[in-house]
Structures are given as C-alpha cells and as structure tokens.
Amino acid sequence: MEYDFKKIETEWQAYWAIHKTFAAKDGGDKPKYYVLDMFPYPSGAGLHVGHPLGYIASDIIARFKRHKGFNVLHPMGYDSFGLPAEQYAIQTGQHPKITTEQNIAVYRKQLDKIGFSFDWDREVRTSNPEYYKWTQWIFIQIFNSWYNNNSNKAENISTLITEFETDGNTKVNAVCDENVKSFTAAEWKAFSEKEQSDILMAYRMAYLGEAYVNWCPQLGTVLANDEIKDGVSERGGYPVERKLMKQWSMRITAYAQRLLDGLDTLDWTESLKDAQRNWIGKSVGTSLRFKVLTPNPSPKERGAEPPSYLTGKKEIAVDLLQKAKANRKNYTETEDIIWQALRNKKLDVKFRRQHPIDKFIADFVCLDQHLIVEIDGEYHNSNEQQELDEARTIVLRLNGFNVIRFTNNEVKNNLDSVLEKIKQELAATAPSPLERAGVRTTSEYIEVFTTRPDTIFGVSFVTLAPEHELVAGLTTAENKTAVEEYVTIAKNRSERERQADVNKITGVFTGSYVEHPFTGKQIPIWIGDYVLAGYGTGAVMAVPAHDSRDYSFAKHFGLPILEVVQGTSNVTLSEVEGSYDAKEGKLINSDFLNGLEVKDAMKKAIAEIEKQGLGKGKVNFRLRDAVFGRQRYWGEPIPVYYKNDIPYALNESELPLVLPEVDKYLPTEDGEPPLARAKNWRYKPLSNSPQGGEDAKPHTWQTAGNSSYNFTKEKSQELRKNQTEAEEILWEAIRKKSLDVKFRRQHVIGASIVDFVSLEAKLVIEVDGKIHLEQKDYDEARTKELESVGFSVIRFSNEEILHDIENVILKIKTTLNAQLQVLPHGEDLGGASYPYEHSTMPGWAGSSWYFLRYMDSHNSTEFASKKLTDYWKQVDLYIGGSEHATGHLLYVRFWTKILKDLGHIAIDEPAKKLINQGMIQGLSMMARTTSIGSVTLDNNMPSTRRTFLLDKNFSGKLPFQDIEIHIPVDYVNFQDGKYVLTKENLNKLIEDHTRFTDFQFLNESDCEEFGIIITEELNSDFIQLKEVVEKMSKSKYNVVTPDDIAEKFGSDTLRLYEMFLGPLEQSKPWNTNGITGVHGFLKKLWRLFYPAVQSDASTTLSNQFNVTNDEPTKGELKTLHKTIKKITEDIERFSFNTSVSNFMICVNELTDAKCNKRAILEPLLICLSPYAPHIAEELWKQLGHTESISTAAFPLFNEAYLVDDTINYPVSFNGKVKFTLELAATLSTQEVETIVRANEQTAKFLDGKEPKKVIVVHKKIVNMVV
RNA sequence: GCCCUGGUGGUGGAAUUGGUAGACACGCAGGACUUAAAAUCCUGUGUCUUCGCGGACGUACGGGUUCAAGUCCCGUCUGGGGUACCA
C-alpha cells in the first residue's frame, strides 16, 4: 500500500471531530497546560501559508504536552469585529455580520484541513452578543472603578464616593485628571448630580474626556496610537489629524509602572519587552517652576507709542527701513564676521544689525542695553569721514546709546579681544535684567519637566507647546499676530506633516520672559511645536548646549547657547557642531554645581530645587491613556446612555446591548457615528416602574421594591442552577434557534420569577410542571400581574416540550412576531427614553480578555467562573506576531490587571511565556514587459495592445519603456535553478486571467516590426523571471494558500515543511522548492512499515505492512533514543526546524538498517505525532492500537543506549585538526595523552619536535601546542 | 537619532555550555532502473590548488583574549524590525 495522504488525512480529521479527541477537561488529576494562539481576524482573503505558521508550532506543543500527560487547553476563535468587514459593507451594503460569517466559514474549513488539535467546542467570536455581553460587562466594571494610589490598585468607585462623602477629595490619592478642583465633604453633598458625575468622571478608569486624539477623516473615526503607522492609519493607510474631541478613554496610564514592573516576571523575548518598555517610556526627572515676568507694557499701556524697537526717526522711518533692509543683504566680510560672533558667542543679549536709530542706520545695536557697535571700513580713515562719524556718535549718544567703534582690521585679526571689549562695555552699562525690562514679577508660573536638572544653569529660553494654556496670556501685543498665526498653523498640522518635517524648525517669540530661579536672569519664552502639549507639562526649559532639539531651535533663532557640562574629551562646544547630550562629564559655569559629575549634580540640583520649593522629583511616562471610542458600526456598542447629559452605565441584567440595525454604515449628515442612524434605538426605562419616568434609575424591569428585589434576584440565581429537564431542553432550544431576540431564564419580573422572558419583545414563557394542575388559579393571577406590567405570557406543559419541541419553538416564534409588531418602540413607549452612546468599542476590547472566555466559553451568567479561571490560571504559552507588541499585548495585560484588582480573577499577567512567530513573506515573480498600442474598453473592438514579455536578462534597446509586472506564482516553473514562465503556462495564464490577454513572448518578427534591437538570441520556449521578496497579497499574485500545498502534498507535509523552513521566530520568504524533501521523508517513513517486497514470481515490487516484534539491535536503539532525546530538547526550546532534521536523520538511519521492529517504530511514531499527526495516527492504528495516539505517553530516552564504547578523538596541532583517533571511552585523559603521543601520525605532525603543551579534553578533543 | 535583531556554501539553514564549521534539506553534476516520463535508489558537491595523495584558505570586515573563537571582548560596515521632536 502506498502512502495515500489524502485518504488518511480526511479520515483522521473526521475521527478527531467525531470523538472530540481534543476537548479539554475542566479539572482532573492531570496538570493543566494552556496553549494559546492569537485568534485571527477573519479577512475575506482567507488564510495564506504564513498564517498557520504559529498555529502549527502551538499545535505541536499542545500535542506534545498531551503526550506528556497534561490536560491541555488549546482553543481557537475569531476576532470578528473590525474595519474591513465594515468597509466592505459601506461599498456593497452587505451586513458585516454576513461578511464575517462567510469569512469565518472559509477560515474554519482551511484550519480544519491542517489537522489542528483545537478544542472547537470552546470557540469564541468577539462579535457574538453572547461574547460581547461580557466585553460590555467588563467595560462597566472598569467604568465603575478608580485607581487608588494608596492601595496601588483599581477599586470600585463606591469606595471613592464614600471617601468624598466623609472627607471630600482632599485626602484622596488617585490617578485622575489634572484639573480636578478640591472640595470638602459638605461641598460634595451640595453638588448637583451633573456636577458629581463630572467629578467622578475625572477619576473613573473608563472615562469620557476631552483630549487631542488621532482623527482619521477617511475612516471617520479616532484611532489609538498603536493603530497608526508612519503617520497614517494602519488599516487603509489614510492620513490622520490631531483633533480635540470628547472621547471614551481608558486610564491605562494608571498602570504604567505596574505594566513596566510586570515585564520582569514574564518569559517573553527581551526585544518584545523592550518594545513595551519604550512604549511606556518612563523617564525620571524633576518638575521645575519658572516665575513669569509681566510682559513689557504694550503700546496701548504706554499710550500708542510705537514698539520699542522702532527707534528710527518717524518722519523718515519708511526710507530708513528700506535702506536698512538693503544694507542687511549687502554686508561686508567684516560685518558678517562680527554678526555671526554676536549671534553665537552667548553674550546673553540680543543684537540687531543695520538697525535704524534716529536718522542713522547703526551697524549693530543692542536695544536692551543701549549699546551700538560700529565697524569702520577703509574710507573712515579720511578726516572728512572721521568728522562725520563723530557727529553721528553724538546724535546716537543723545538717543541714549553708548557707541563703540572697531576697525576692519581689529575684527579680522583679533575678534576675541573685540568681543571681550563689547562684553566689558555691556557689563558697565547694563541695568539689572529685571530693571531693564521695567518688570514686575507676577504670581504666574510656567512649570516644566526635565530629566536634566543638572543643566539648570544652561537654560537660555523656555519653550511652550502651541496648545499650552498660558500662550495667550503671555503673548505681548506686538507679538500677538505672529503668535496667533503660528498657533493656528501648528494646531492644524496633521501627524503626517509633523513627522515629515521633523527637521523643519518652527517657532515664535511670545515677548514675555521668565525669571531664572537661581540667577534671576530674564529668560525669553518661546513657542515651538517641537514641544508636545500632551507630554510632561507641555513646556520645556531649553538647554541648547546639551539637548539636540533645543540646540537646533537656538541655532535657528539665534538664541544663546550656554555650555554647562564639560565632556570627557575636553572639546568645548564652540569648537564642534551640535550639542553635547551625554550624561557624563563635569559641570561648569554652574554656580553651586561647578565641578560636580553629572550624576551628583542631578542629585544636588534636585535637592536645591526641592529646598527652595521650586519643584520636585517626578516621573513621567510616555504612555497615554487609550482612546476607547470608535465612530464606527462594526464593534461592541458602549453600554452607556445619557440622561440630562449625564452618562450612565447599563445595568448588568440589561446586557448585552445589542448592535442595532442601520440603513447605511456611514456617519449621519451631522457627522454622528453610524449608530445614530438606528431607529428607535434608545434606552427605555419601564414606564410603570415605581422609579420610572424622569427619575428612573437604570433598573428597568423590576416592579417590586428593592428589598424584595434583592431576595428574588438571589432566588433566581439559585433556580438557574436547578433546572428541570423540560426547562433545560427549552432553554437549549431557545438559544440554538436564534430567535433574534434575547431570552433570559429565571428572571425577576416584579415580585415573580418567570421561567423565560424576552425583555425586548415583552414576552414571558412559562413551563408548567405537574404541580401547576393544582395551582391554576395562582398561575392565572400571576399571568394577569405580568400582563399588567406590559408582558404577554405563553405557557407550555412539560409534555409538550419533551415530545414536540419543534412545535413549541414554532409557537414561540409566531407569538414573538406578533408581539414585536404591536410593541411600541422608543419614545412611543409612553415613558421617557434616553439616547445611547453612539460610539463603539475599538478592536482591542474583545481581544483583551478572550483568553479568559476560552476557560468557560458557554457561561451565560458570568464572563467566566471563578472556579475555572482559578483552574486554568495563566496562559502557559502564547504564540503570535510581534506586530501586537504595543497594542494588543499591552491592553490584554492592562485588562488582566484591572480584573485582578477588582477581584474577578487571581492572575495579574495573561501569559507567562510568549513567542513571536516570524512573518512569512511572499516570493513574487517579476517579468519585464514592454507594451505597444492601447486597450479599448469597447468589447466589440479588439484590443490593439500587445504586451511583450521579456527575459529577466533581456538586453537590448526597446522603443517603449519596460515595466515590471507580477506573474501569478502558480504559473511559474522552477527549472535549472531558475524561475521561468514557459510558453505553455503563458497560454494557460492568458486563458485564465483576462488581465494577461494581450501578453506574448517577443519574437524576431516583432523586433523587426517595432524596431526592438536585441543583442542576444531570443528564447521562444520560456522567459526567466526575477524574484522579489515582499508581503503576500492578492494584488502581487504571490499568495500561496495552505490548501494548495495540502492538496499536492498533504497536511502533514505542510506542517513539517513550515517548521523545517527555519527558526520559528525568524521572518522568511515562502519558497516551495524544498517541500519535496519533507514529503519524501514521510514516504520513506511509510516504507519502514510498508517495505518493498518481491511479490510472487513477478519482478514488480509491492508494499506490504510488515512490522516485526524482533528485539532491536543496539544500533537501532541508539538511533531511537538519540532521536527521542533531541526531539524532546528541541520541542522544549521551540527549535522545530531542527526536530524535523532529526526525524530525517533517524528515518535515514533506520532505513539503512532496514529496521522494521515495533520496539523502535512505535515510540518513533509518538515522537512524530505532534508534527505529523495524521500519518502517526494511521500507522499507530496499523500497529494494532484502537485508541488515538494523541495521549500515548511520550517515550523517555534512556541514557544507557547513548553511551559509546569508543570516542573518536580529533587530534589537533595548534588548534588545527589533522586526524582522528578512535579510543576506548573508558580511558582517562592521562592514558589518552600517552596513546596520542605514541601515535605514529602524531610523530609525523610533530616532525621530531617535543610538544610544548598537550591539552586533552575528556571525550572531546586533543590539542597539541608545538 | 535611539532601541532591538541578524550577517555562515549556489539556496533554506545546523553547530544548546568556546572543542572536527557547513548537520538536514533543496539545487546542481554524474550514475542505476525505465521504450519514455514520473517515482525511487546510489555517488559527488564550501573555495582555491594538485593528475592524485595532499595542501592552503574559509562563518560581513579589522583587531584582541585563548591551547582552541561562527561562538567571548573592542571597533567598523551592512540587512531587517520597532520607535521618534517624550524634554
């Protein structure tokens, strides 16, 4: 019998499905093991060979652990909410639910073919109401919690309210919004409901807050930071803008430190942990406050005077300015030297050049200190000119300016002394900085965050983010226009633009100053968009000498650069371009910090800052709160409604809040999200509820008072656990028949507990047991009571349900339809109704807890029972792509920690061990083409276009441009080590794809016709193609599906080959070339069981099952145990590619030994079964086993079989191996040395010399140093 | 820029703690079987050199440590991924 993989694989896949071979047990004696894959988003394109890579690896582990005696949980499901299905819905109108279901069906079929050992009974789909009910429930838990810094965990919001009621918020130490005002208990009680709600919102872990968000207009939604790549949306690649919006967010920042610390406990790759560390971005520094000095008086305040820098004579101001401008463009060499020096030499004051003063234009002017520097050219030497100069000086002096003059030569030859003189002059004339500005200090402060408090004396300006709240207040009148213009532009710049011009330096001066906390100097306040509003305080103290960004800004605007840290190289900053950012060196020019090392200076600076009350040590995180709302349709509705503008969460019993139907999947005309289109989709408290009407609490259906409500609720929970057979059958049927409305069982209505109820349809179904025969009266009264609260009631007897459940369901359906038609909706209900939140949850909501749902996926009363989450605990092994490093993997850790804090689960990290599988890229096939003519779209007209396919190596001259196009990989042959497209396949391609209709190979007559000049002979049979590695995608015609491979070679081959390609974590292009190797291996394995035997007298060989019970030889046992050992080690370190090699070695050796012994082959099958389960199961059965191989004990290797009698010692001279020597393993190192020394070959290599040293490593190697 | 990774034959990749570099597989070359093809099997295959035995050189490059380096250390180049005015 030949190896018929198709038959074997189909049969075994069916067997596993029927026998539920891989169903996990919720308990038992075996230790548990939880292997999880990242569940896929079911896209329309289906699976390609890259997708199953990680699933195969996890399946090998799952199967291996089963062999090792573990109770394995290995589930699979679908992350089925998401943008693509919705985008498709927008285009086609097809409901995303349908698209998703179709895609899932395809996925499932593809997955089943590969033979995974998933426990499909536990499947989850995030878009199923039974699932997202609990996603919504978790949202509500998070909404109802706050982060208490004292206990360092999230707590129920009620503990905060209690706190408010007793002490106000003065003693509260919480993670909350920054602008929360303090209040007393009395004030709290006096607040209105709206005010209280607003305050609580500032503390809630899930909150509605105004923040700058990433808005994507094309997708019509906001996006989280991790959903943006390179400034455009990850899905679709659309531009993203910054926009101030009110949005649901999650206070993940509260967990920044714990998310960081938790990483140390995890067995994840260092690179992945690093990615998270970077994303969280902890930086330790200090906050520091700079006192704001009031702006110079505005012209208004001074009485309509022109700005202070307009010092020219008013009558001729225009002429002067023009002249000055001309002069500025037309400067002498000397003027330029001094100008550059004045700008850069940190004179600490601002100079202007060619500035009008009275009727003159002075060369350089410092307005602040009333100093003029003039440069005298050659012609100044004449007497006439000297007189003129003197007169000029007098006029300037009269204007209140001091004047100093330098000659060209002085500047050129001795710039330093010139600068020194200017300095002295400045010092002599300078008023104190504060006097100069005529300044009074204000009570305002600018608070900055810095990680370099040691460089405080290097601060030469302060920069605010354009959005900083003080910007408007600090801007002086004369800077107002410029600042406003700048702020407007900066605010509207999209993320992409900002990223694109990182090097473009922009900014504007406010006109105001702060006071340096230690020197008292006046420091200008600038605005620059290199400062981010959202990080730290939105303001920085700029130290251009020691921060590259500050440096560029200072250079660009000619601001002073003050060096305060001397690096080890002793090069001063003026000698090199750029800032010195390193955190090592000695402090200079820094008063009390002088001479200290950076580290010590930091400590001292912080101490001093804290002592003087200027600020304090502070930690900042780069991590931002996660935006949670999405203005999209295909996601979980956020279970919130608004009453009087106050958001309320739905009650647990009202969940799920089912996604409503809409006419279009687009935003409304007013820009509201799609959910706003839903008709009558409003929150409706019951009209006749005692607390109904305007003041209704969000309990809707209960008609009894609270005390009895609590009692009945407890009872209903008890009843749910204690159902009769008929009730159980009906419940199953109701759930399975998907009646379009949701039923609850043993639900409290008024004072009664009804068997089944649909709150939506207001329909109660009651099951009457035997006792009802005697209590008809009571039942009737009960029915009446229910009807009085607006419910219809139908009753079924036990018999009806047990014997004709179909009919019962039919009746329910009919009643339901009737009921729904008469039932008034929304506002018509009589009572009040309130709008729901129209945003849906982001994609990461459902995936942040799915690993918990698998533990208890059918639980309808809890997200997962405590018993089961305690049993399954953490995921033991999680496999998935590294692209989720800063998204999913951070959020899932966040939710796990919250759920733990709130007491719902016992673990605080979702997955102990995580492995990233590499990406499998596609191998595209490119052909060079040149096209002639044009395509006509009219079907009646033949296309006049002809496209010639050229060889990869085509050399020659084309009359038209050659373009590379993708050739579908299915049509490409691999021959003689080259990828080629044959004539035959080209013809097929033309038949199959209209796109290639006008394609043809180039021939000689074409060349003549179109003037194509060729330099080598044309091949008319095939052309060679160029291979390019890129992403697998339909448009690149390089997709290879697992189905293709399974069809040709079988799933076992596919599994082995995917593993054989290389290390799991490495990315690699898909290449089918080597697949014959692993397929051949399986055939070779098969032949160990079905060796070729001569049948009868004929010469033909046939394969008969032939396994003997003979005793294995020592060599065979060695082969087996060597393999067991290697495989076990390989699996444990996830080195699947080497496992496959080892299987090949083993089978090769056994084939050589013609081994067909059960004692060898049986354990080998178990080893192989995780990798190639179908063939293993089949041969296992052939060996006479009746049970599946899947739980057969994994063989243990016996060291005894591996011990060799002899060791083949390599003998090396000076580290170079010259020959080997087979010696008994029992020999000591001494004996080995003696033997080797005595060896004749040794003598040859020693050439008579005595070795200096002989090293013998026992059982390894001998080395002689000559 | 910063962080993380990798660089080994024609190709994918082995070499787990420093101990015979290139396992295993593909490809290629030659051969067997076959009318032929497929399938299967056998032999060879790092580079240079030599008729051959053999010899020399080889893990991106340059140094170093060591009896011994793909592996450890220092420096440089380079591919890939992540991240970015985060103060």
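The largest nonpolar core of this predicted model holds 177 residues, and Met205, Ala206, Leu981 and Leu1165 touch the most other members. Leucine 981 can be followed through its contacts. Leaving aside neighbours within four places in sequence, leucine 981 is in contact with Ala927, Leu949, Ile967, Tyr971, Val972, Leu986, Phe1022, Ile1023 and Leu1025. Another core, of 52 residues, lies apart from the largest one; Phe290, Ala490, Ile523 and Phe553 are among its members.

Helix H6 spans residues 157-167, and Leu160, Glu163 and Phe164 are buried in it. These three residues cover an arc of only 100° around the axis, so they lie on the same side of H6. Ser158, Thr162, Glu165 and Thr166, on the other side of the helix, are exposed. What do the buried residues of H6 pack against? Their partners are strand E3 (145-148) and helix H7 (185-190). After H6 comes glycine 168, with a positive phi near 65°.

Further along the chain, four strands make up an open sheet with mixed pairing, in the order E49-E48-E51-E50. Strands E49 (1216-1224) and E50 (1253-1257) are at the edges; each has a single partner strand, so one side of each is left without a neighbour in the sheet. From one strand to the next, the twist averages 20°. Helix H42, residues 1229-1238, lies across E48, E49, E50 and strand E51 (1261-1265), and runs at about 130° to E50.

Within this sheet, strand E48 (residues 1206-1213) pairs with E49, and tyrosine 1209 stands opposite leucine 1221 in E49. Elsewhere, strand E28 (residues 744-749) is mostly covered, with five of its six residues buried. Strand E28 pairs with strand E29 (residues 752-758), and isoleucine 749 stands opposite serine 752 in E29. Strands of a sheet pair through backbone hydrogen bonds, either parallel or antiparallel. The table sets out these two pairings.

| Strand | Partner | Sense | Bridges |
|---|---|---|---|
| E48 (residues 1206-1213) | E49 | antiparallel | eight bridges |
| E28 | E29 (residues 752-758) | antiparallel | five bridges |

Key: Residues numbered from 1 in each chain as written. Chains lettered and ligands numbered in written order. Predicted model: local features only at pLDDT ≥ 70, side-chain atom pairs only at ≥ 80, totals over all residues. Buried ≥ 20, exposed ≤ 12 C-beta atoms within 10 Å, placed from the backbone. Helix = DSSP H or I, 4+ residues; strand = E, 2+ residues; numbered from the N terminus. Arc of directions from axis to C-beta. Contact = placed C-beta atoms within 7 Å. Pairing = 2+ DSSP bridges. Axes fitted to C-alpha atoms, helices over the stretch in contact; angles between N-to-C directions. Core = buried A, V, L, I, M, F, W, Y, C linked by C-beta atoms within 7 Å.
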